[in-house]
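The paragraphs below walk through a protein structure step by step. Please keep the sequence and the model at hand while reading.

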Amino acid sequence: MSKLRLNGVSKAYGATLALRRGDLEVAAGEVHVLMGSNGSGKSTLCKIIAGSVRPDAGQILINDKPVTISGPQAARVAGIGVFYQELSLANRRSVEENICLSALPVKAGLFIDRQALKARAARYIALFSQVAGEGFHAQALVGNLRADQRQLVEIMKALASEAPILIFDEPTSALDRAQVDRFFEILRGLKAQGRGIIFISHRMDEITAIGDRVTIIRDGETIETLKLSDIDPATVIRLMVGGASDMPAARSAAPAVVETQAKAAISVRNLSGKGFRDVSFEVAHGEILGLGGLHGQGQSALLRAIFGANPVTSGAVTIGGERYDAKSPRDAIRRGCAYVSGDRGRDGVIRGRPIIENVTPIHYLRDRLMIARPSRLRNKAMPALEAMHTKFASLFHPINSLSGGNQQKVIIARWLIDRPDVLLLDDPTKGIDLSAKADLFALIRQLAAEGLGILLYSSEDAELLGNANRILVFNGGSVTRELTGDDRTRYNLYQAAYEAA
Amino acid sequence: MTSTTTDIRSFGAGGFRSWLERYPFLPALVIIVALLALNGIFSPNSLSFRSLTGLFSTYLALVMLAIAQTYVVSAGDIDLSAGATLSLVNVAIVVLMERWGGGAGAVLLALALGVLIGLACGLVNGLVVAALRLQAIVATFATSIFFTGLALYVMPVAGTPAPALFWRTYGGRLLGVPFVFYALTALAVLLFLLSRTRIVTELLAVGDDQQAAYQTGLPVVAVRIKGYLLCGLFSALAAFCLTGDTASGDPLVGGKMTLYSVAAVVLGGSALAGGWTTVVGSILGALTIGLVNSLVFFMGTPSEWQNFVQGLAILLVLMAGVLAGRRAHA
């Protein structure tokens with residue numbers, strides 16, 4: 001009997017299909033693993049089951065009865081408990097309140113039954129009492145806990161739903177070995193009770209340790225469901241990558257390794273900070289260095305730290321032979337460092353302001369402009385925008401009137417008025433369309449040819465393989481492998497990324 | 001409260017911080033004591049039982065309004081119409097009491113209706129902000145104008161007196177104890193009960209992280225509306241206290257109190273962004289504002305300088321609170 005079944009579920013955001021076709025069947029008493037690369041649609045699939053995203057088409061069946069899940073509340077009633085990857089905790093509430101938050105026990109229909117709440121929370125806290133670590137207790141505020149302890153609270157919260165169907169979206173990313181082992185013991189107990197469990201993780205060893213079956217999802221489509229006991233990790237990776245896994249991807253497109261010149265554009269020595277540690281590399285003038293690996297393994301943290309937006313704890317950065325420690329982005333910009341983030345809304349776009357104001361802030365800073373004439377600025381801004389093939393009606397239209405791709409072009413154009421020496425690209429193509437991507441990479445290569453040192457992090461492996469001269473693969477905050485020359489294949493990149501940390 | 005061994009240990013390490021976490025209104029309490037001392041220095045008489053009773057009966061309305069504001073702030077919202085709601089209830093009950101003859105029955109009936117009016121104002125705000133998803137700060141500013149308009153329709157000119165029975169009771173004594181203290185006791189019990197309700201915890205969870213609360217399965221819209229209903233209720237209670245103190249109706253009386261109520265919430269140690277509030281702090285914050293005002297008076301500040309000194313004093317108090325908070329979070 002199947003606990004949960006999805007038939008042809010799909011979801012589109014505007015023109016982009018987040019999930020083309022999702023078919024999934026979870027049986028009672030199994031741990032069903034979902035695997036797929038970044039942006040393949042795993043999270044969308046989970047959010048549809050959890051009720052926080054509504055599908056455009058398709059059918060959801062629970063215990064073979066069709067249901068509509070209109071929201072998280074409805075999902076809870078339908079018997080679905082969720083561990084959210086980004087955690088759904090109230091940081092200023094206590095551990096016990098968080099565990100019971102979705103269904104606070106009440107007496108007289110009004111007052112919280114503190115005794116019942118404590119007793120209920122204590123049951124789940126006791127499950128992890130051996131491994132929770134110092135400072136973890138029922139009354140502790142969640143915001144004061146360590147990352148792994150917060151993750152445990154989210155696990156307890158999901159368990160406290162006592163739902164027959166449980167979804168765990170990357171529940172182990174911050175946990176240590178002992179905590180994972182304890183969690184798996186509990187999962188095995190739940191399996192024995194006949195619950196259906198969906199499990200997402202990027203650690204291959206964990207998947208083989210706990211999973212019964214695996215469904216592979218690629219480009220928004222569920223490809224295949226297999227028994228984990230029948231297959232080896234290499235097969236799983238091959239399925240995730242698709243047919244052309246052994247071919248060196250886009251080799252004709254990827255430029256050859258640049259000979260290291262006498263002076264590196266930027267060199268990083270044993271750099272450590274929040275989210276990454278002991279990273280060393282050199283980028284030559286004219287070189288594009290790719291940062292690969294799974295999402296959130298320290299790539300963005302490293303780029304932000306070089307740009308002075310995050311603190312560095314130890315190590316050194318040299319730009320053009322000179323020691324460089326940016327204490328703030330302002331500092332970094334003055335020294336010729338440029339940073340383009342995929343999170344335009346947070347890091348780039350000045351919302352509601354005209355395009356010209358969005359192109360020129362860096363120019364203001366680098367040229368110490370106090371008063372500017374629009375006509376002069378225009379002459380500077382236009383070539384930069386044209387280099388990017390940016391489409392816009394007038395420089396004085398608000399930036400919000402542009403599409404995501406054109407907004408990103410404007411953001412990149414702001415760095416081109418005064419040439420930087422080093423360009424840091426932090427997943428720059430997130431959420432922009434294909435033609436804009438093509439324009440962007442054409443420009444990035446041209447900039448490299450003109451002698452800039454470029455650091456490129458991308459969550460899409462094809463972009464790295466097609467553009468980077470070398471690729472550093474990140475895992476758990478440090479570089480675990482360097483891919484050069486003919487080693488730059490899809491297969492190698494996946495394998496390095498999915499290696500157990 | 002169960003105090004575990006870990007609690008005791010944490011007192012040793014970051015003692016001040018954990019104290020502040022448990023009692024976020026501590027800085028406000030220290031400031032209150034300091035202000036009382038200053039008041040005592042400038043005018044020893046101001047610390048007499050009579051003066052303190054007077055302070056309470058004058059500022060109980062602001063205390064109530066600050067409590068009202070606290071519940072919406074808990075959920076990360078704000079209510080800029082709290083003062084207008086107060087005005088509307090104030091003029092409505094005064095007119096009704098007068099029209100119905102000013103007897104005990106008329107007073108009680110008018111008060112019951114006043115509570116309903118307050119709740120109705122809260123419901124309007126809740127629907128506009130939570131259900132229609134308009135910006136709380138602008139939407140409640142708009143409803144405040146709307147409520148003021150209604151108040152002006154009910155009573156175009158200030159000055160209609162409240163029945164003697166009402167204000168004599170409020171300002172008088174019962175069994176030798178000033179009525180205000182009964183009101184304070186009842187308020188304390190009410191707040192204690194409210195603090196144990198599910199809705200207060202849910203409000204705080206919503207204010208902490210609305211997306212997380214939604215994903216947890218909390219009815220976020222309903223919770224926020226309930227926050228505004230509580231705000232409306234306490235705004236009505238504030239109107240009762242104000243009517244008892246001023247003994248008359250005034251359609252514009254509450255306007256300037258709105259931002260005082262917001263200031264009181266912040267002075268009390270609550271986070272305006274939501275998720276971290278304390279009603280006790282808000283009460284102390286409101287009393288701080290009252291004490292600052294009386295201090296300015298007792299210091300013998302010339303009348304044309306009173307606003308200046310008052311503003312400066314509130315800024316200083318705010319700064320002291322922020323500095324204490326920053327030390328705790330460092």
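How many bridges join E21(A) to E22(A), and in which direction do the two strands run relative to each other? There are six bridges, and E21(A) and E22(A) run antiparallel. One pair in this ladder is A:Asn475 with A:Ser478, the latter lying in E22(A). The two strands make a hairpin with two residues between them, and A:Gly476 in its turn has a positive phi of about 60 degrees. As with everything that follows, these values come from a predicted model.

The hairpin belongs to an open sheet of six strands in chain A, ordered E18-E19-E20-E15-E21-E22. Pairing in this sheet is mixed. Strand E18 (337–341) and strand E22 (478–484) of chain A each have a single partner strand, so one side of each has no neighbour in the sheet. From one strand to the next the twist averages 20 degrees.

Elsewhere in the six-stranded sheet, strand E19 (residues 422–426) and strand E20 (residues 453–457) of chain A run parallel and are joined by five bridges. Across this pair, A:Leu425 stands opposite A:Leu456 of E20(A). A helix also covers part of the sheet: helix H18 (residues 490–498) of chain A lies across strand E15 (288–292), strand E21 (470–475) and E22 of chain A. The angle between H18 and E21(A) is about 25 degrees.

A second sheet in chain A is built differently in its pairing, so to speak, and deserves its own description. Four strands form this open sheet, in the order E14-E13-E16-E17, and the pairing is antiparallel. Its edge strands are strand E14 (276–284) and strand E17 (322–324) of chain A, each of which pairs on one side only. The twist here averages 15 degrees from one strand to the next. Strand E13 (residues 264–273) of chain A is joined to E14(A) by six bridges, and these two strands run antiparallel. A:Leu271 stands opposite A:Val279, a residue of E14(A). Helix H9 (residues 299–306) of chain A lies across E13, E14 and strand E16 (312–319) of chain A. Relative to E14(A), helix H9 runs at about 65 degrees.

The next topic is the nonpolar interior. In soluble globular proteins, nonpolar side chains tend to be buried together. The largest nonpolar core of this model has 238 residues. Those that touch the most other members are A:Leu424, A:Ile454, B:Leu62, B:Met64 and B:Ala238. Helix H12 (residues 220–246) of chain B gives the most to this core, with 16 residues. Not counting residues up to four places away in sequence, A:Ile454 touches A:Ile288, A:Leu289, A:Leu423, A:Leu425, A:Ile444, A:Leu447 and A:Ala448.

What are the domains of chain A? Domain 1 covers 2–241, domain 2 covers 245–336 + 420–501, and domain 3 covers 345–419. Where domains 2 and 3 of chain A touch, domain 2 supplies eleven residues and domain 3 supplies twelve residues. On the domain 2 side, helix H10 (329–334) and helix H16 (434–449) of chain A are the elements that give two or more residues. The residues of that side divide into six nonpolar, one polar and four charged.

Chain A also touches chain B, in a contact that takes 23 residues from chain A and 20 residues from chain B. On the chain A side, the elements giving two or more residues are helix H2 (72–77) and strand E8 (111–112) of chain A. H2(A) gives the most to this side, with three residues. By type, the chain A side divides into eleven nonpolar, eight polar and four charged residues.

Two loop residues of chain A complete the tour. A:Gly352 sits in the loop between helix H11 (344–347) and helix H12 (355–359) of chain A. Is A:Gly352 buried or exposed? A:Gly352 is exposed, because it has 9 other C-beta atoms within 10 Å. Leaving aside neighbours within four places in sequence, A:Gly352 is in contact with A:Pro398 and A:Asn400. The C-alpha atoms of A:Gly352 and A:His397 are separated by 9.0 Å, although the two residues are 45 residues apart along the chain.

A:Ser129 lies in the loop between helix H4 (114–127) and helix H5 (147–160) of chain A. A:Ser129 counts as exposed because there are 11 C-beta neighbours inside 10 Å. Between the C-alpha atoms of A:Ser129 and A:Ser314, which are 185 residues apart along the chain, the separation is 35 Å.

Methods: Residues are numbered from 1 along each chain as its sequence is written. Chains are lettered from A and ligands numbered from 1 in the order in which they are written. This is a predicted model: local features need pLDDT of at least 70, side-chain atom pairs count only at pLDDT 80 or more; totals for chains, interfaces and linings use all residues. Domain bounds come from an automatic or database domain assignment. Two residues are in contact if their C-beta atoms, placed from the backbone, lie within 7 Å. Ala, Val, Leu, Ile, Met, Phe, Trp, Tyr, Cys and Pro count as nonpolar, Asp, Glu, Lys and Arg as charged, and the others, Gly among them, as polar. A nonpolar core is a set of buried Ala, Val, Leu, Ile, Met, Phe, Trp, Tyr and Cys residues joined through C-beta atoms within 7 Å. A residue is buried if 20 or more other C-beta atoms lie within 10 Å of its own, exposed if 12 or fewer, and partly exposed in between; C-beta atoms are placed from the backbone. Two strands pair if DSSP finds at least two bridges between them. Axes are lines fitted to C-alpha atoms, for helices over the stretch in contact, and angles run from 0 to 180 degrees between N-to-C directions.
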